[in-house]
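The following exercises concern charged pairs, nonpolar cores and the relation between chains. Please study the sequence and the structure before reading each solution.

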Protein chains: 4
Amino acid sequence: MDKLQYTRDWKKEDIIVNIGETRVGGDHFLLAAGPCAVENSGQMSGITDMLTGSSVKLLRGGAFKPRTSPYSFQGLGKDGLNLLRQTADALKIPLVTEVTDLKHLDKVSQYADVLQIGSRNMASYELLKEVGQQAKPVLLKRGMAATIKEFLYAAEYVANAGNEQLILCERGIRSFDPAFRNILDLNGVALLKHLTPFPVIVDPSHGSGRADAVLPLSLAAAAAGADGVMVEIHPSPKTALSDGEQSLSPEDFRIWMDKLSGLALYLGKTM
Amino acid sequence: MDKLQYTRDWKKEDIIVNIGETRVGGDHFLLAAGPCAVENSGQMSGITDMLTGSSVKLLRGGAFKPRTSPYSFQGLGKDGLNLLRQTADALKIPLVTEVTDLKHLDKVSQYADVLQIGSRNMASYELLKEVGQQAKPVLLKRGMAATIKEFLYAAEYVANAGNEQLILCERGIRSFDPAFRNILDLNGVALLKHLTPFPVIVDPSHGSGRADAVLPLSLAAAAAGADGVMVEIHPSPKTALSDGEQSLSPEDFRIWMDKLSGLALYLGKTM
Amino acid sequence: MDKLQYTRDWKKEDIIVNIGETRVGGDHFLLAAGPCAVENSGQMSGITDMLTGSSVKLLRGGAFKPRTSPYSFQGLGKDGLNLLRQTADALKIPLVTEVTDLKHLDKVSQYADVLQIGSRNMASYELLKEVGQQAKPVLLKRGMAATIKEFLYAAEYVANAGNEQLILCERGIRSFDPAFRNILDLNGVALLKHLTPFPVIVDPSHGSGRADAVLPLSLAAAAAGADGVMVEIHPSPKTALSDGEQSLSPEDFRIWMDKLSGLALYLGKTM
Amino acid sequence: MDKLQYTRDWKKEDIIVNIGETRVGGDHFLLAAGPCAVENSGQMSGITDMLTGSSVKLLRGGAFKPRTSPYSFQGLGKDGLNLLRQTADALKIPLVTEVTDLKHLDKVSQYADVLQIGSRNMASYELLKEVGQQAKPVLLKRGMAATIKEFLYAAEYVANAGNEQLILCERGIRSFDPAFRNILDLNGVALLKHLTPFPVIVDPSHGSGRADAVLPLSLAAAAAGADGVMVEIHPSPKTALSDGEQSLSPEDFRIWMDKLSGLALYLGKTM
């Protein structure tokens, strides 16, 4: 197999990704949060309440949702982008949202500050090459059964196309144990931090599928050396149209933020 | 999770997919073969020699190649489509080739008789919806770590968009054993045949990554109830630009065809 | 890692294992069947009815049952061995049953013709060394997540202790897909037949966990080159104390035997 | 499946395991360390130097080594037990070592303070029942591909036999990524802490197979809620007879101990 190019041999120091005033990588520890999918303005106003005054420096949320079943809620599309943008502006933090395909790239680019490539598209190489030519940071999620090496090659499709403002995201891999939707791979995080200068964040919501595992796994990710954590939150998880069982409620979110911020500071990070 | 719609409850009898004069499903047993990637006219002329007079009823081959590394050979693109079309015409059999993204759909549609969606794109739902609106059969490969249920939902994205001329292809899944690139999942084939009326074929080349495993696994697939087998062949595997180690040589190809045809006939299939 | 010793380089020809008049390996195709666990004499009399006049040449059945839960039925112990022995004698075929630990080795050896080492004990090396010193054939099942290489090393613990009358059994491995209890690894069977002269049989009952998958997977195993198939049967699967959902009923058993015998003969095997 | 009995419903509070003056569980954070295998007195004197004055409160080390290959170093046996005992006595800390089978139980019990059941024997139920009748604490390691539920059932074999002085140990599970020997499952640790009152420790040496991953994964385990960490150390990893690539050198061990102790104190644990 070809040699990886964008390694610590290429750049020894951590790359800092700049999203407006938000910094990712190096000494910065990123908290990112938001709903799985935008549902309506009431929900987003609940999200605004949850995030106002918090240490969260990046809003996440889905408008175009890749769903396993064609009969599940597929996201609000352009209306969702609008609601996300308004929420981010109200909170004065940048927005990351997913580009699911080339067709929607222009539209998503108009609204988003960071372009997310989801797990299902980690190996959609044409899409990677295109976002590699955009003037916006990219957040690349690891495929559900991608090896670390395949993940790094996918990152090089983006970097090689010219975009080095790239954040990698570990979000859990497939395992044999039905106890969890996915298993968070912190071995992988340790190895990524060793091999690549790009910032590496963790998504323990998809990485477990259980809200009660999000806090311990977030702390574990920070301790393992991750550059940030991205979680799903919802003002009322039980009524969520998608991923309710893995979304933090307002109360759990506050506890999560306090504990995780505390640990990040102990570890010498800035927020 | 939503209920699957396109099951044996929807259509009890096997669906027959028609590709020119080639039939897939029911009593028909499909042999499909061709190179991993088109390399040049010399190679394709070797392929023509191998397939002339054989029982192979579908030519496979890649012009746009999704490769793990951005530095690997990425396929000949449009020139490759031309060479594939000429080869298929010379052999008087139809052609299946991969559509890797929306951008190339029109171009590929001009040349191909069957549109292949590769493993990496099994969950590229926008692409599935688009090929679901084409007037050509679709060959959908299972994702590397997709469950059978997820595979069937992906198929429903195509069917639900209007295209019921759909062939499913099991091509190996990820396992913990480094002895093989992938493990062929014949449990999955048995289950698919039980659940869905769409034809199910098997790709033992990707399903093992080893040329010496292709024959036993092809026979196993036929015995397990598959509706056909698709393999990679090469006039000179050792010089192949991709997947040489899993491609059948001319001699191995002849043995494979004889043994597999014999077994298919024993099992009551027509070729 | 050390080199494997008991390979095709050591003995090019297939090893034939002799169990009374039953032969395993080479041109012989073994059908083995019996209940998961011995329950009572009524059940075993039903088993006798099912096997009388059949092509089954080895009775399987468990007296000491290693069960995941300590609160599940653990087998009849010595009474079970008695019932198994009587059934085998009535049928005039040999008996294989599991030795779960050193403590029971002598007792099991008094009753069994073949000593089975189960999946859970594939890496219980002291037990392997002990059965390697017995004057009885050994049937070694692959561990649930053992690589083929680890499986072969385990076999060498037995052979190296002096016992070359050894049968290997593939019985399914762990995968990410909850559709099946295990995934039958026929890639592994093909590789084992390539590497080792010891006979290789397949257990599609544990290899799938579903009675409706046993026939297609048995046929697939034979086609892939296995030297035999071992299945679980029960006169009344719905009332079985263990593994009922994967046991063949009398009617399914007859169909299975007919189809599998037919295919084995087609493949040039003797029964 | 039967209901688990030894859950938080049975005992809400953490169980404290007492090993001489060492406490495991509750607010106590355990550091355990030692060589993979005892090799000779020179090595053990190096180990003594490394552990003298450290916060390590439990010596680990193998005298009977279950090795994948029968041709690998199998441990020093009884001589190894002697050397381990002398080292533990010199350091005035208790000793945990593995019981690989019933045959060696008495001998190991004479030397060890804690009886370890290794991954390969997690489902050796007769052995579990026997150690469940001993008057010594038991350290039970999770099988390489055991689900959390299967792990808890195995623990109940011990508890149900009368021994509630039980420590569970997560040590990595099989995955598809060859980058690591195993993947440490911290999802599993979070779930175990939720479900069971028994203390849960983590072995990042086997959980990664790489010395450079031991520190980040140890910190992650502590942050995820583990009750301790057990690592392999060696005075000269490059000359180790087994597991050298995952053993901490004297220098790495000191850094590990400082960082991990610091984090444990931050998390409110006592050492």
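**Exercise 1.** Determine which parts of chain D are tied together by the salt bridge between Glu170(D) and Arg142(D).

*Solution.* In this predicted model, the side chains of Glu170(D) and Arg142(D) meet in a salt bridge, with 2.8 Å from N to O. Next, locate each partner: Glu170(D) belongs to strand E8 (residues 166-170) of chain D, whereas Arg142(D) lies in the loop between strand E7 (138-141) and H5 of that chain, so the pair ties together parts that are 28 residues apart in sequence. Finally, consider accessibility: both Glu170(D) and Arg142(D) are buried.

**Exercise 2.** State which residues are joined with Lys103(A) into one network of salt bridges.

*Solution.* Salt bridges that share partners link Lys103(A) with Glu126(B), Lys129(B) and Glu130(B). Over all chains, the structure holds 68 salt bridges.

**Exercise 3.** Establish how Glu126(A) and Lys129(A) are placed in helix H4 of chain A, and classify each as buried or partly exposed.

*Solution.* Begin with the distance: the closest N and O atoms of this salt bridge are 3.2 Å apart. Then consider the sequence: because Glu126(A) and Lys129(A) are three residues apart in helix H4 (residues 125-131) of chain A, about one helical turn separates them. For the classification, buried means under 20% relative accessible area. Glu126(A), with 15%, is buried, while Lys129(A), with 27%, is partly exposed.

**Exercise 4.** Explain why the salt bridge of Glu150(D) with Arg174(C) joins two chains.

*Solution.* The closest N and O atoms of Glu150(D) and Arg174(C) are 2.7 Å apart. Glu150(D) lies in helix H5 (residues 148-160) of chain D, and Arg174(C) lies in the loop between strand E8 (166-170) and helix H6 (186-195) of chain C; therefore the pair joins two chains. Both Glu150(D) and Arg174(C) are buried.

**Exercise 5.** Identify which residues touch the most other members of the largest nonpolar core.

*Solution.* The largest nonpolar core has 185 residues, and Leu186(B) and Leu186(C) touch the most other members. Leaving aside neighbours within four places in sequence, Leu186(C) is in contact with residues including Leu186(B), Leu217(B) and Val202(C). A second, separate core of 184 residues includes Ala88(A) and Phe253(D).

**Exercise 6.** Find what kind of axis relates chain B to chain A.

*Solution.* A turn of 180 degrees and a shift of 0.0 Å along the axis lay chain B on chain A with an RMSD of 0.0 Å. That is the relation of a two-fold axis. Among the residues of chain B, Ala145(B) comes closest to the rotation axis, at 3.0 Å (C-alpha).

Methods
Residues are numbered from 1 along each chain as its sequence is written. Chains are lettered from A and ligands numbered from 1 in the order in which they are written. This is a predicted model: local features need pLDDT of at least 70, side-chain atom pairs count only at pLDDT 80 or more; totals for chains, interfaces and linings use all residues. Side-chain values use heavy atoms; hydrogens and water are left out. A salt bridge is a side-chain nitrogen of Lys or Arg within 4 Å of a carboxyl oxygen of Asp or Glu. Helices (H or I, at least four residues) and strands (E, at least two) are DSSP runs, numbered from the N terminus. Buried means under 20% relative accessible area, exposed over 50%, partly exposed in between (1.4 Å probe, protein chains only). A nonpolar core is a set of buried Ala, Val, Leu, Ile, Met, Phe, Trp, Tyr and Cys residues joined through side-chain atoms within 4.5 Å. Contact means heavy atoms within 4.5 Å. Copies are superposed by least squares on the C-alpha atoms of residues with pLDDT of at least 70 in both.
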